[in-house]
Amino acid sequence: IAGVEFAFCRQPLAWEDAERFCAGMGRRIARLDDEAQAKAAGKASQRHKKGRWWIGLSDRAAEGAFVWADGAPAAYTRWAKGQPDNEPCNEDCVAIRDKKGGRWQDSHCDQRRPFICR
């Protein structure tokens, strides 16, 4: 995808476990820098396995202050309508949705989902 290599891991893990898994492969849980990367990652994830996929964005450190796992600020986002909503509470990790054209939503970090490494 445009000079960046992504690995799609179908094994469902909690967000922190996915982050550790990516690190064990010498990678980071995925940062998506622009619309082209986000759309391509969204389409590719659904070809691998239908459902929601973890990416490396969260607001675990400070509610509402989303940053990438590698420390980069969230200069680009692709939220689904009404997201992030922190509903019902403590939704601190971000997943690509399987519907709505691969837009993003916040979710509970302990939910087990497939994930994308970069």
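# Notebook: strand 4, the cysteines and Arg113

**Entry 1, strand 4.** I began in strand 5, where Trp104 is the bridge partner of Ile96. The model I am reading is a predicted one. I then looked up how strand 4 sits against strand 5, which covers residues 104–107. The two run antiparallel and are joined by 4 bridges.

I turned next to strand 2, residues 53–58. It pairs with strand 4, also in the antiparallel sense, over 3 bridges. For one position in this pairing I noted that Ser58 stands opposite Cys93 of strand 4.

Which residues of strand 4 lie on each side? I found Cys93 and Ala95 on one face, and Val94 and Ile96 on the other. The four are all buried, so I wrote down that strand 4 (residues 93–96) is covered on both faces. I kept a general remark beside this: in a regular strand, side chains alternate between the two faces of the sheet.

**Entry 2, disulfides.** How many disulfides does a search of the whole structure find? I got 2.

I took the pair of Cys22 and Cys117, whose sulfur atoms are 1.9 Å apart. The link is left-handed, with -80 degrees about the S-S bond. Cys22 belongs to helix 1 (residues 15–24) and Cys117 to strand 6, so this disulfide ties together parts that are 95 residues apart in sequence. I checked burial, and both Cys22 and Cys117 are buried.

The other pair I looked up is Cys93 with Cys109, at 2.0 Å from S to S. Its torsion about the S-S bond is about 95 degrees, so I recorded this disulfide as right-handed. Cys93 is in strand 4, while Cys109 is in the loop between strand 5 and strand 6, 16 residues apart. Both Cys93 and Cys109 are buried.

I then numbered the bonded cysteines in sequence order, which gives the pairing 1-4, 2-3.

**Entry 3, cysteines without a partner.** Cys9 is in no disulfide. The nearest cysteine sulfur to that of Cys9 belongs to Cys117, 4.1 Å away. A disulfide needs the two sulfur atoms within 2.5 Å, so I left Cys9 unpaired. The relative accessibility of Cys9 is 11%, so I counted Cys9 as buried.

Why is Cys89 not bonded to Cys109? Cys109 holds the closest cysteine sulfur, but at 12 Å from the sulfur of Cys89 this is too far for a bond. I noted Cys89 as partly exposed, because its relative accessible area is 40%.

**Entry 4, Arg113.** I went on to Arg113, which I found in strand 6, residues 113–117. Cys117, from the disulfide with Cys22, is in strand 6 as well.

Is Arg113 buried or exposed? I have Arg113 down as buried, and without a salt bridge. The nearest side chain of opposite charge is that of Glu91, at 7.0 Å. A salt bridge has to lie within 4 Å, so Glu91 does not supply one.

I looked for polar contacts instead. The side chain of Arg113 makes one with the side chain of Gln111, at 2.5 Å. Another, of 2.8 Å, joins the side chain of Arg113 to that of Ser107.

Last, I listed what Arg113 is in contact with, leaving aside neighbours within four places in sequence. The list has Gln11, Pro12, Leu13, Arg52, Trp54, Ala95 and Ser107. One of these, Ala95, is among the buried residues of strand 4 from my opening entry.

Conventions
Residues numbered from 1 in each chain as written. Predicted model: local features only at pLDDT ≥ 70, side-chain atom pairs only at ≥ 80, totals over all residues. Heavy atoms only, no water. Buried < 20%, exposed > 50% of the residue type's maximum accessible area, 1.4 Å probe, protein only. Lys, Arg positive; Asp, Glu negative; His and termini not counted. Polar contact = N/O pair within 3.5 Å; in protein donor to acceptor, adjacent residues only side chain to side chain. Contact = heavy atoms within 4.5 Å. Pairing = 2+ DSSP bridges.
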